[in-house]
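Let's look at a structure together and ask how each label earns its place. Take a moment with the picture before reading on.

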Amino acid sequence: MKSFLTDVLSLKKINNGIYELLFFCPTEILKTFRPGQFAHIKIPQSDAMLLRRPFSIHGIDQTKNTVSIVYQEVGEGTRRFMEKKSRTLDVLMPLGNGFTMNNYKKILLVGGGIGIAPLHSVLQQSSACFDALLGYRGKEYVFDVDCFVERCRNVIITSDDGSIGQKGFTTDYLTDIGQYDAIFACGPRPMLQALQRKLDGRSIPAYASLEERMGCGMGGCAVCVCKIRSETDYTYKKVCTEGPVFDLKEVDF
Amino acid sequence: MSVKICGITFKNPVIAASGTFAFGKEFEIFFDPSKLGGIALKALTPKERRGNPTPRIAETPSGMLNSVGLQNPGIAAFKKDILPLISAYSSVKIANIAGMYVEDYIEVIEALNECAIDMFELNISCPNVKQGGVQYGTDMKAAADITHKAKVAAKKPLIVKLTPNVANISDIAKAVEDAGADAISLINTLTGMAIDAKKRSPILANITGGLSGPAIKPIALRMVYEAYNAVKIPLIGMGGIMSGVDAAEFLIAGASAVMVGTASIADPHACIKIIDELTTFAHGEKLNNIGQLTGSLKVRK
């Protein structure tokens, strides 16, 4: 984990409110990256917005030394990146634990909305055999489908309004779970919760990458916690350092 | 750059504020925590506290609200698992003491009296817990009572951390000084609130939280200035310090040292940057020692 100043190499709109940001990253930092880790980026040109924003890493390019972030514009902070004067970024990365790859041979990826972005980094960094269930709000929010189709054996697309793929939720298409060594998921809480219910009583390892409003990103302030089941009740664990990837069965929604 | 507070030497006047620096370990990948003047550790209560539900943070203009709610592992786990990892730090180690009842505070102090801790900071100013915390800090009698009991129990110098959520900071400062406090740190966060208008709901799960960051700096400076004129014991100033010049302003207002909190959340290197900038400022002012700044405010007659 290091902090560095870097220039925006490119920023392009890929769909409705969805952008891909590309920036340069020193080799020694890239080398330590594990899929599922995130970058904590200071909003450029703003003294009034003190806090960094956590973004999952969509992919890295070790030959060009670049990092790709695919994000959804949600407020004033993320809107700032589009401004021409916001060319220099203050980046802290890579943060968090990332997905446990464990030499799994066959992995099912379940992604919802912008949560599909970190799963792309898994595809990119692993030679495992993948199937994917990808859920979008609708056609105008779609990204990354081509990469997943190219790299996965089977891909099922769903959308809330049926404008692309099957109308419905990713978890409606969860079949033949027994064929997988592990499930990796990232997406809205209701999706993860539905997945957890569907996997109830199954022994398959399932990991979910969680999201929470974050402060320092390095375990210093204890604001970004999530509820994790304990023997007796629950405990709060830090999403930034003990996550963002948790054993899905242990998450207390 | 060194300063002496209650007979204890700080190698520089910059202290990491409680609740923003965990127990120090997390920052080791960025810098050696021994470079700091001091470290105020995350608040400790007798038993483990899970803290409040999330969201626990909301960004506000030039500041942030938090409602962590004193999440900590409790004193037994702290002594067993954490203290051995940090006892080698040469910075002044300050244990922040919290609890629901006076007895809790005393229990934590007694449990840490023989440990490798240099000072205690009595947290009677946390706005995020239903019982204890700020309820002791807003009432002169209650503040004096708990300070007195803590002072009797403590075998190390006692700092009392004050809340700004009071009508008159001078009165509270005087009350804890009279009750035996060795030093005062101020200000803790201001109780505040953020609302999502579209959802018509509070952003923090706890509804209210503590406001920190540059947004509160003018209030903090005013309170340090007022407290400096009210008491003789040393003050440790804090509230929105982001730069070395900000730190200098607090010293000039009357503080002997400063604490840096929110800045570390935005940038893990903040404390080191502030030490460097304050050193540069001191050189520029041709000071022999940084202590010359304390209370050096020139007020036009």
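Q: What makes strand 3 and strand 7 of chain A a pair?
A: In this predicted model, strand 3 (residues 38–42) and strand 7 (residues 88–95) of chain A share four bridges in the antiparallel sense. Pairing asks for at least two bridges, so these strands count as a pair. One bridge joins A:Ile41 to A:Val91 in strand 7 of chain A.

Q: Which order do the strands of the open sheet in chain A follow?
A: The seven strands run 4-3-7-1-2-6-5, with antiparallel pairing.

Q: Why are strand 4 and strand 5 of chain A called edge strands?
A: Each of them, strand 4 and strand 5 (59–61) of chain A, pairs on one side only. From one strand to the next, the twist averages 35°.

Q: How do you know that A:Arg53 and B:Glu59 form a salt bridge?
A: Their side chains come to 2.6 Å, N to O. The cut-off is 4 Å between a side-chain nitrogen of Lys or Arg and a carboxyl oxygen of Asp or Glu, so the pair qualifies. Between chain A and chain B the count is two salt bridges.

Q: Which elements give two or more residues to the side of chain A that touches chain B?
A: They are strand 1 (2–15), strand 4 (52–56) and strand 15 (234–238) of chain A. Strand 15 of chain A gives the largest share, four residues.

Q: How many residues does each chain bring to the contact?
A: Chain A brings 28 residues and chain B brings 36 residues. About 2,500 Å² is buried between the two chains, and carbon and sulfur atoms give 60% of that area.

Methods
Residues numbered from 1 in each chain as written. Chains lettered and ligands numbered in written order. Predicted model: local features only at pLDDT ≥ 70, side-chain atom pairs only at ≥ 80, totals over all residues. Heavy atoms only, no water. Contact = heavy atoms within 4.5 Å. Buried area = accessible area lost by both parts, 1.4 Å probe. Axes fitted to C-alpha atoms, helices over the stretch in contact; angles between N-to-C directions.
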